[in-house]
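The following report describes how helices and strands are arranged in one protein chain. Please read it alongside the sequence and the coordinates.

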Amino acid sequence: MKNIYSVVRLRKLCFLTGYVMKSPAVASVTFKKLIQCCSKSHILNVQNTSNATSLQYGPLGCLLKKNIFNEWFYSILNDGNVNMFPVEISNPRKQTFLLQSSIKEVSNDLLQNVIDKYFEIHNRLGYDLPFGLVMHEPCINKNISREESPVHMDLNILNNLEAWTRISVIFFCPPKKSINWFHHWSKERHLWWRKVTKTSSDDQHLSLLLEYPWGKEKLETITLHDGKFIHDLCEKYQKQQQINSLNQNSIPAVITCETELDLAVMACLANSYDEDRNLFHLHCKLAPYKISFAVEQNDLELFRKMENVVSHITKELKRIGISVLAESDSNVSVALETKLEKYDEMGIPYVVILNEESLSTGYAGLRNRDSTLQEQILISDIPSLLAEYLEIER
């Protein structure tokens, strides 16, 4: 098999998000506003030391990170075309972050650690090509010393991360069909990122960039590996396992799709950040909480009367997998507009607004975060309506 790097050249796929490129100074201000909004909403904080950066996730950030991982993981695991097997590596490995690494450096290092999984599934479990592995692993930065200008320091925090989680697909297929599968995975990854980041592109190329307000950053790499490197890995495995002979038909072509989970979190936050309203238009499937409740008149007595109704609806929503941020007593006296502004900053897509007529009429307002419009709905219809809006199967 020819060296795919000389054939394909790993061209770039740019997801254009409608951002107007800003000067470094203006971009730095935007970035600081984004981080401040994250901190205020308990999504994440950035902690800097002399030579490293760490992302400290708050309660909402933990949920956001979990939602992004689950969407990524199950979109691949449930691919109807092939068998995909989950693999977890628990021991942290010293790596360089994706934004700093060459594609070949990251991918080759990954393959050396999973080639045994290929032979285990192919030979011992008896699965024929094609099939793949879906894996995540903790990484620690082996090279965190990096000098940046004061203006760019904030914009390059990801280059100096102390630790992160790498998420990867390693796909094994017959060499003769490798180009077809390479384009299959390029398209699938493009479509997935376009869904969760609301991006668009007229191009169909082979590796992915996201355009932030401050410039383009590497988002995910899709690589079809050099056949000689894979052959050498297989022969090395043969010697280590003392296998007499290696069946040449069992040597696969290998495609990897790699990104960092923390990079995906920052990508979704940056892509959904509305600087004018200072909030995140997070995709509904990624939002930490999908819905909350608010009392229109700031009336504690009314809130008490509605507690049983809200509790029942909350249980129904949670039963079908819709996360709810419940209203607390301490928030009842807060002005409605202030509460809605807070929920918007937290990225909550919907808020149910109750008033003194809700008990007698059975109707409440359902406010949309992105449009700020409110529709009147039956309280009893909230679970089914939210399931429809959020595309959740009941």
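## Helix packing and the C-terminal strands

The crossing of helix 3 and helix 6 is right-handed. The residues that make this contact are Ile68, Glu71, Trp72, Ser75 and Ile76 on the side of helix 3, and Trp185, Arg189, Trp192 and Lys195 on the side of helix 6. Sorted by class, the contact of helix 3 with helix 6 comprises 5 nonpolar, 1 polar and 3 charged residues. In this predicted model, helix 3 spans residues 59-77 and helix 6 spans residues 178-197, and their axes come within 12 Å while crossing at roughly 150°. Because angles over 145 degrees count as roughly antiparallel, helix 3 is roughly antiparallel to helix 6.

Helix 3 also packs against helix 8 (residues 261-272), here at an angle of about 105° and with the axes 10 Å apart. That angle makes helix 3 roughly perpendicular to helix 8. In this second contact, Leu64, Lys65, Ile68 and Phe69 of helix 3 meet Leu261, Asp262, Ala264, Val265, Cys268 and Leu269 of helix 8. By class, the contact of helix 3 with helix 8 holds 8 nonpolar and 2 charged residues, with no polar residue. Ile68 of helix 3 takes part in the contact with helix 6 and is also listed in the contact with helix 8.

The two helix pairs are set out below.

| Helix pair | Angle between axes | Distance between axes |
|---|---|---|
| Helix 3 and helix 6 | roughly 150° | within 12 Å |
| Helix 3 and helix 8 | about 105° | 10 Å |

Turning to the strands, an open sheet of 5 strands follows the order 14-13-15-16-17, and its pairing is mixed. Strand 14 (324-325) and strand 17 stand at the edges, each with a single partner strand, so one side of each has no neighbour in the sheet. Helix 9 (residues 300-319) packs on this sheet and touches strand 13 (291-295), strand 14 and strand 15, its direction making about 170° with that of strand 13. Helix 13 (residues 382-389) likewise packs on the sheet, where it touches strand 13, strand 15, strand 16 and strand 17, and its direction makes about 130° with that of strand 17.

Within the sheet, strand 15 (residues 350-354) pairs with strand 16 (residues 363-368) in the antiparallel sense over 4 bridges, and Ile353 stands opposite Gly365 of strand 16. Strand 16 in turn pairs with strand 17 (residues 374-378), again in the antiparallel sense, over 5 bridges; here the bridge partner of Ala364 is Ile377 in strand 17. The hairpin of strand 16 and strand 17 has 5 residues between the strands, and in this hairpin Thr372 takes a positive phi near 65°.

Another residue to consider is Glu337, which lies in helix 11 (residues 336-345). Is Glu337 buried or exposed? Glu337 has a relative accessible area of 58% and is therefore exposed. The C-alpha atom of Glu337 is separated by 9.3 Å from that of Glu296, although the two residues are 41 residues apart along the chain.

As for the chain as a whole, there are 13 helices and 17 strands, and 53% of the 394 residues count as buried. Among contacts in the chain with a separation of 6 or more, 75% are accounted for by residues 24 or more positions apart.

Technical notes:
Residues numbered from 1 in each chain as written. Predicted model: local features only at pLDDT ≥ 70, side-chain atom pairs only at ≥ 80, totals over all residues. Heavy atoms only, no water. Axes fitted to C-alpha atoms, helices over the stretch in contact; angles between N-to-C directions. Helix = DSSP H or I, 4+ residues; strand = E, 2+ residues; numbered from the N terminus. Parallel < 35°, antiparallel > 145°, perpendicular 65-115°, else oblique. Left-handed = near helix turned anticlockwise from the far one by under 90°. Contact = heavy atoms within 4.5 Å. Nonpolar A, V, L, I, M, F, W, Y, C, P; charged D, E, K, R; others polar. Pairing = 2+ DSSP bridges. Buried < 20%, exposed > 50% of the residue type's maximum accessible area, 1.4 Å probe, protein only.
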